[in-house]
Amino acid sequence: MGAYSIFKGFKVTFKNYFKKSVTLHYPIVKKPMTDRFRGMVDLKPPDCVICYQCIKICPTAALDLGHKVLEDNKTKNITKFTFNAELCCFCGLCEEICPTDAIFLNKMYEVSYFDHKDLLNIDLMSDHKYKNVDGGTS
Amino acid sequence: MIVILLKGVSVLGFIAFSAMFLIWLERKVSAKIQNRMGPMMTGFHGSLQPVADTIKLLLKEDIVPQGVDFITWWLAPFFVTVPVVMAFLVIPFSSKWIALDLNVGVLYICSVTSICVLGIFMAGWGSNNKYSLLGGMRSAAQIISYEVPLLLSVLLVVMQSGTMSMQGIVHAQEHCWFIFRPHLALAFIIYTIAATAECNRVPFDIPEAESELVAGYHTEYSGMKFAMFFVAEYTNMFIISAIATTLFFGGWQGPFLPGLVWFLLKSYGFVFFLMWMRWTLPRLRMDQMMSFAWKFLTPIALLNLLISGWFMVR
Amino acid sequence: MGELLTVNMGPQHPSTHGVLYLELKMDGEIVVDCKPHLGYLHRGIEKIAENRTYTQFIPFTDRLDYLASMNNNLAYCLAVEKLLNIAVTDRAQYLRVIIAELNRAVSHLVAIGTFAQDLGAYATPLFYAFRDREKIIDLFDSICGARLTYNYMRIGGVSADIPAGTEQLIKDFIAYERKQLIEYNELLTYNVIFLARSKKIGVLSKETALNYSVTGPNLRASGVKWDVRKEEPYLVYNKFDFDIPVGANGDSWDRFKVKLDEISQSLRIIEQAIGAIPEGNPVSKVNRVFRGTGEVYLRTENPRGELGFYLVAEGGFTPYRCKIRSPSFSNLSVLRELTRGLNISDLVCVLGSLDIVMGEIDR
């Protein structure tokens, strides 16, 4: 009979009433991100060999790199390396192609900024570009 | 004189507290059924959340849309809230705690809660909005149709107990609660379905169906007027449970604990059942709802009345 | 009988899935005509493809049908591999099958949840479906690092091998999901109110479905037993044993039931594949350069229907033209036929059962 199906539905929700919650009480309890999580683009400046592979493969042209050659015509130095977080689509192709693992995607997922302009030119060479790199657990 | 004033104030206070408690209970019950946590940050496990909601609603801008029929639009929330508060006059909280024990208590409640339809229709017509009008008309049709099975099932209880006074009905259940008699158990099922429709709860919540035509008859209300609709809905839910408790579950009777505690336990248990129903079932379509009321519930209620009446007279 | 009322179920509405603008002509509560206006989510993806290398375009395919990103990646990579004659290792093929089927299960869960939500079972089945989906999304997060737009498939393989412990997680999920499917049947499928709302609503006959080139679960619910995985097998689907669930009447309930059955069939395929993964190296390095000439049309079975990629290459690093045949576009075109004479509540029900994603329609 039709009414019996309604009682079966009630049984399902009643069983679920006593199960543990699957959500976490954020922000008191935070879950760490996985090893391969793709957060914001980050750089280890000493490892970069200025090969321009990441610039060439970025699908949205979010990275911008400039370099100059010193007087001995051998050593190259980075003049600027900026990252436009608005254009980035967090695909991770730059991390995959970098031969020295200098550019990588960190574990930051709390990416809210108060001002739109802070997003456009994030300077990857500085040490204090991001506030909560470990996803807020630090 | 002072006693009457105190009684009035305490009833109003109970209504306000109960509405807030019910809002919190609804959110927590829905959260537990859906494996989540519900409000946790405001107060202990979110118990101050309704206070926060009330403050927010009080501070909202009171927008008067252009082209509304002002008096109708302005009076509509009152026509919905006041009858529900008036129905509290005859609810027996315990053997001594009843505001006014009218000897036509049941008739009084049924007639007073019917005025709510007028308020909903005024809200739908007064807002200058075709969605609200559609919502208001649907709601009015639904409530009027489901009043017939409601009254027929309540009539059976009156026939069984021989009196229309609420305390009289409670006293008539001293030996055996009405729910345990078969013809009254059927009346209880009819009453539950009809009362859920009266209160615009799922599975009969077409008038406020969000996934169809925005928000129905209370689209154009903001701030405190919207809060009044909300409070009226939750208080109506409590009234329905209180009536169900009185008519079918023996009111405030029970061993050991005082009458008031039993009454509140049974009423809130029934409210919990209504909430449980909301988070389990899908909603019915308008014409299916109508045909269900007229072609199924009313004939069954009439047959029930006929057969049990024949048995009683024999 | 007065004049017809024109109602805009505008781009922002709680139950049009995405930004869909429906112009309804109503006579009271009955819908007389329903005209969809598209283009609110158009981003020019096909034009962008002409200026990106083959590897660079993969993140864009994620954002077509964002609920089944892995399948979109897969279709594109298969098309390029066919165009340029690139071989794929066995392990990569098995991994691709497992991931694609997991994504199919996940996408059907979302469809089921949102369909129940549109019918008024307010939020509870949706939360249960999303709770199950969360397990798979976490798994994908540990494999490739993202939860919705994965960018996992590469031309010639996948981007990274699965980490240790993934196989056990998948086996646990299969056991868990089989229990949950029984619960969905109890809560929704045979519920008398759900049946009353969705049986005989929006009946799509076989001829109409074939005329409008409807594909996927919608076609199978109308009685046509057509699945690209069986008709033109790609990857290693011909090695697995699975059924094609077919509906009897073509109404909304059949479309719902076919999706539920497809989830159990996907679990069967995954179980067989997990037991038989060969060893090897599935990774395709991302700095390989691809160029070639030719044209190819390749179609795969997306959760929503048949996704087709038509690629023309003329020797450069980028394709000359990339045309995407999206299943939701054809599925949506049948809406006008189906909703003549229905109540507006039924229109919402039919739209939910067709399961469209606007990202795919507008590209």
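In what order do the elements of chain B run from the N terminus on? Select chain B and follow its trace from that end: the elements run α-α-α-α-α-α-α-α-α-α-α, a series that amounts to 11 helices and zero strands. Keep in mind throughout this tour that the model is predicted.

**Chain B as a whole**

With chain B still selected, turn the view along its principal axes, where the C-alpha trace spans about 65 × 45 × 45 Å. A compact globule of 314 residues would have a radius of gyration near 20 Å, and because chain B has 20 Å, the two values agree. If you colour this chain by burial, the buried residues will make up 45% of the 314. Contacts can be drawn as well: among those in chain B between residues at least 6 apart in sequence, 77% join residues at least 24 apart.

**Chain A: confidence and the open sheet**

Select chain A next and colour by pLDDT, which has a mean of 83 over this chain, with 93% of its residues reaching 70 or more. Among the elements of chain A, H1(A) has the lowest mean pLDDT, at 82, whereas H2(A) has the highest, at 90.

Now pick out the strands E2, E3 and E5 of chain A, which form an open sheet in the order E2-E3-E5 with antiparallel pairing. Strand E2 (63–69) and strand E5 (122–123) of chain A stand at the edges, each with a single partner strand, so one side of each is left without a neighbour in the sheet. Zoom in on strand E3, residues 76–83 of chain A, which is joined to the antiparallel E5(A) by two bridges; there, A:Thr82 stands opposite A:Asp123 of E5(A).

**Where chain A touches chain C**

Show chains A and C together and select the residues in contact, of which 22 come from chain A and 21 from chain C. On the chain A side, helix H1 (2–17), helix H2 (53–57) and helix H3 (93–97) each supply at least two residues, and the largest share, seven residues, comes from H1(A). Coloured by residue class, this side of chain A divides into 11 nonpolar, seven polar and four charged residues.

**Chain C: an enclosed helix**

Move on to helix H3 of chain C, residues 69–84, and place a distance between its end C-alpha atoms, which are 23 Å apart; at 1.5 Å a residue its 16 residues should span 22 Å, so the expected span and the model agree. How many residues of H3(C) are buried? The count is 14 of the 16, so this helix is largely enclosed by the rest of the structure. Step past the end of H3(C) to C:Asn85, the residue that follows the helix, and you will find a positive phi, near 55 degrees.

**Chain C: two hairpins**

Finally, select strands E6 (residues 293–302) and E7 (residues 305–314) of chain C, which pair in the antiparallel sense over 10 bridges. A hairpin of two residues joins E6(C) to E7(C), and within this pair C:Thr300 has C:Leu307 as its bridge partner in E7(C).

Extend the selection to strand E8 of chain C, residues 321–325, which runs antiparallel to E7(C) and is joined to that strand by five bridges. Here C:Leu311 stands opposite C:Cys322 in E8(C). E7(C) and E8(C) also form a hairpin, with six residues between them, and in its turn C:Gly315 has a positive phi of about 95 degrees.

Definitions and conventions
Residues numbered from 1 in each chain as written. Chains lettered and ligands numbered in written order. Predicted model: local features only at pLDDT ≥ 70, side-chain atom pairs only at ≥ 80, totals over all residues. Pairing = 2+ DSSP bridges. Helix = DSSP H or I, 4+ residues; strand = E, 2+ residues; numbered from the N terminus. Contact = placed C-beta atoms within 7 Å. Nonpolar A, V, L, I, M, F, W, Y, C, P; charged D, E, K, R; others polar. pLDDT = per-residue confidence, 0-100. Rg over C-alpha atoms; globule rule 2.2 N^0.38 Å. Buried ≥ 20, exposed ≤ 12 C-beta atoms within 10 Å, placed from the backbone. Expected span 1.5 Å × (residues − 1).
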